[in-house]
Amino acid sequence: MKTARRQSYGVKSAPYGFLLPAIVLFALFFALPIGYAVYLSFRKVHVSGLGLGSGARKEIWAGLENYSDALSDSELLHGALRVVGYGLIVVPVMLGLALLFALMLDSDKVRFTPFTRLAIFLPYAIPGVVAALLWGFLYLPDVSPFYWVLDKLGMPQPDLLDGGPLYLALSNIAVWGGTGFNMIVIYTALQAIPVEVYEAARLDGATPLQIALRIKIPMVAPSLVLTFFFSIIATLQVFNEPTTLKPLTNSVSTTWSPLMKVYQDAFGNGDIYRAAAQAVIIAFATLLLSFGFLRAANRRSKQEEGAR
């Protein structure tokens, strides 16, 4: 009896043993830093006198003061508005190209599909900082071959690192690097569609364009939702591109995006408490937007299933 109970207990506890390393890593490198950031967001430093000597600087409870300062900070608000404008360019263009490339690769008429698929995906394998540096120097008139060609052709040479074109320059880096990943996700979903569905559509007289619009795109809608979800999160957390281009132009400030504002306050101004509050606000806003989008997508899918 005891042996049987021990064996039964061992079988039941085995899954938890396999999960233990992942749980420990999640707690140490994800949950614990988040909890510490939340803790810091409710603290601040109180300076007594001139701030000299032991005990002159003490960490005290601040309540919601850091959150109030963060929400009333115009630089954080302006950074959020800039990211919204940046996202309105990046997300539609990137997902549109990813869907277009996936549909093209799924066509029977396309040749060298493995090479083409790898060529489209390859920019995603390049680190974001390296990609931003590469494109940054291509944007500089003094070293860019593009400007040399435009000069030889007698065409105007726009400054892509100043004013409105800066959004296009930053968006181009994100689109160039992220389209391949989203394309692979959508292309994988297209490959999972049964061939019989296409054959039935062809027997009914459907053209390749009609098959793409009425069969392929609706059937990969979950993949489109997933890629849109990931793209929104990546857009809200944009940091590498503007930070890397900042030394090349005066149009990118140290607080161009919300995450750059957090970095500047934490390591530039030395106020980690206010930076922690800003990070928590950004994380909470990302969570709300993600949850709202997923809920709207699930509601729409349920409505479509009910209509059927």
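Residues count as buried under 20% relative accessible area, as exposed over 50%, and as partly exposed in between. The structure described here is a predicted model. By the thresholds just given, Y124 is partly exposed, because its relative accessibility is 39%.

The packing of helix α4 against helix α7 is considered next. Helix α4 comprises residues 113-125 and helix α7 residues 165-191, and their axes lie 5 Å apart at an angle of about 135°. The two helices are therefore oblique to each other. In passing α7, helix α4 makes a left-handed crossing. On the side of α4, the contact is formed by T113, R117, I120, F121, P123 and Y124, and on the side of α7 by W176, G177, G180, F181, M183, I184 and Y187. Sorted by class, this contact of α4 with α7 consists of nine nonpolar, three polar and one charged residues.

Within α4, P123 can be followed individually. With a relative accessibility of 11%, P123 counts as buried. When residues up to four places away in sequence are not counted, P123 touches W176 and G177. The C-alpha atom of P123 is separated by 7.6 Å from that of G178, although these two residues are 55 residues apart along the chain.

Helix α7 also meets helix α5, which spans residues 128-139; the axes of α5 and α7 come within 10 Å and cross at roughly 140°. This angle makes α5 oblique to α7. The crossing of α5 and α7 is right-handed, whereas that of α4 and α7 is left-handed. From α5, the residues A131, A132, L134, W135 and Y139 meet A169, N172, I173 and W176 of α7. The contact of α5 with α7 contains eight nonpolar residues, one polar residue and no charged residues. W176 is thus among the α7 residues that meet α5, and W176 is also among those that contact α4.

A further contact involves α7 residues and helix α10. S223 lies in helix α10, which covers residues 221-236. S223 is buried, its relative accessible area being 14%. Apart from its neighbours within four places in sequence, S223 is in contact with V185, I186 and A189.

Aromatic pairing was examined across the model. A search of the whole structure finds 13 aromatic pairs. One of them joins F42 and Y67, whose rings are 5.3 Å apart from centre to centre, with 45° between the planes, a tilted arrangement. The pair links distant parts of the chain, since F42 is in the loop between α1 (2-41) and β1 (43-47) and Y67 is in helix α2 (residues 65-71), 25 residues apart. F42 is partly exposed, at a relative accessible area of 22%, whereas Y67 is buried, at 13%. The rings of Y124 and F181 have centres 5.0 Å apart and planes at 25°, so this pair is stacked. Because Y124 belongs to helix α4 and F181 to helix α7, the pair ties together parts that are 57 residues apart in sequence. F181 counts as partly exposed, with a relative accessibility of 27%. Ring pairs also link F42, W61 and Y67 into a cluster.

Y67 takes part in a contact with helix α13 as well. I281 has its place in helix α13, which runs over residues 272-307. Not counting residues up to four places away in sequence, I281 touches Y67, A70 and L71. Between I281 and P258, which are 23 residues apart along the chain, the separation of the C-alpha atoms is 10.0 Å.

A final position is found in helix α3, residues 74-105, which contains G96. G96 counts as partly exposed, with a relative accessibility of 38%. From C-alpha to C-alpha, G96 and R43 are 45 Å apart in space, and they are 53 residues apart in sequence.

Methods
Residues are numbered from 1 along each chain as its sequence is written. This is a predicted model: local features need pLDDT of at least 70, side-chain atom pairs count only at pLDDT 80 or more; totals for chains, interfaces and linings use all residues. Side-chain values use heavy atoms; hydrogens and water are left out. Helices (H or I, at least four residues) and strands (E, at least two) are DSSP runs, numbered from the N terminus. Buried means under 20% relative accessible area, exposed over 50%, partly exposed in between (1.4 Å probe, protein chains only). Contact means heavy atoms within 4.5 Å. Axes are lines fitted to C-alpha atoms, for helices over the stretch in contact, and angles run from 0 to 180 degrees between N-to-C directions. Angles under 35 degrees count as roughly parallel, over 145 as roughly antiparallel, 65 to 115 as roughly perpendicular and the rest as oblique. A crossing is left-handed if the near helix is turned anticlockwise from the far one by less than a right angle, and right-handed if clockwise. Ala, Val, Leu, Ile, Met, Phe, Trp, Tyr, Cys and Pro count as nonpolar, Asp, Glu, Lys and Arg as charged, and the others, Gly among them, as polar. Rings of Phe, Tyr and Trp (its six-membered ring) pair if their centres lie within 6.5 Å; planes under 30 degrees apart count as stacked, over 60 as edge-to-face and the rest as tilted.
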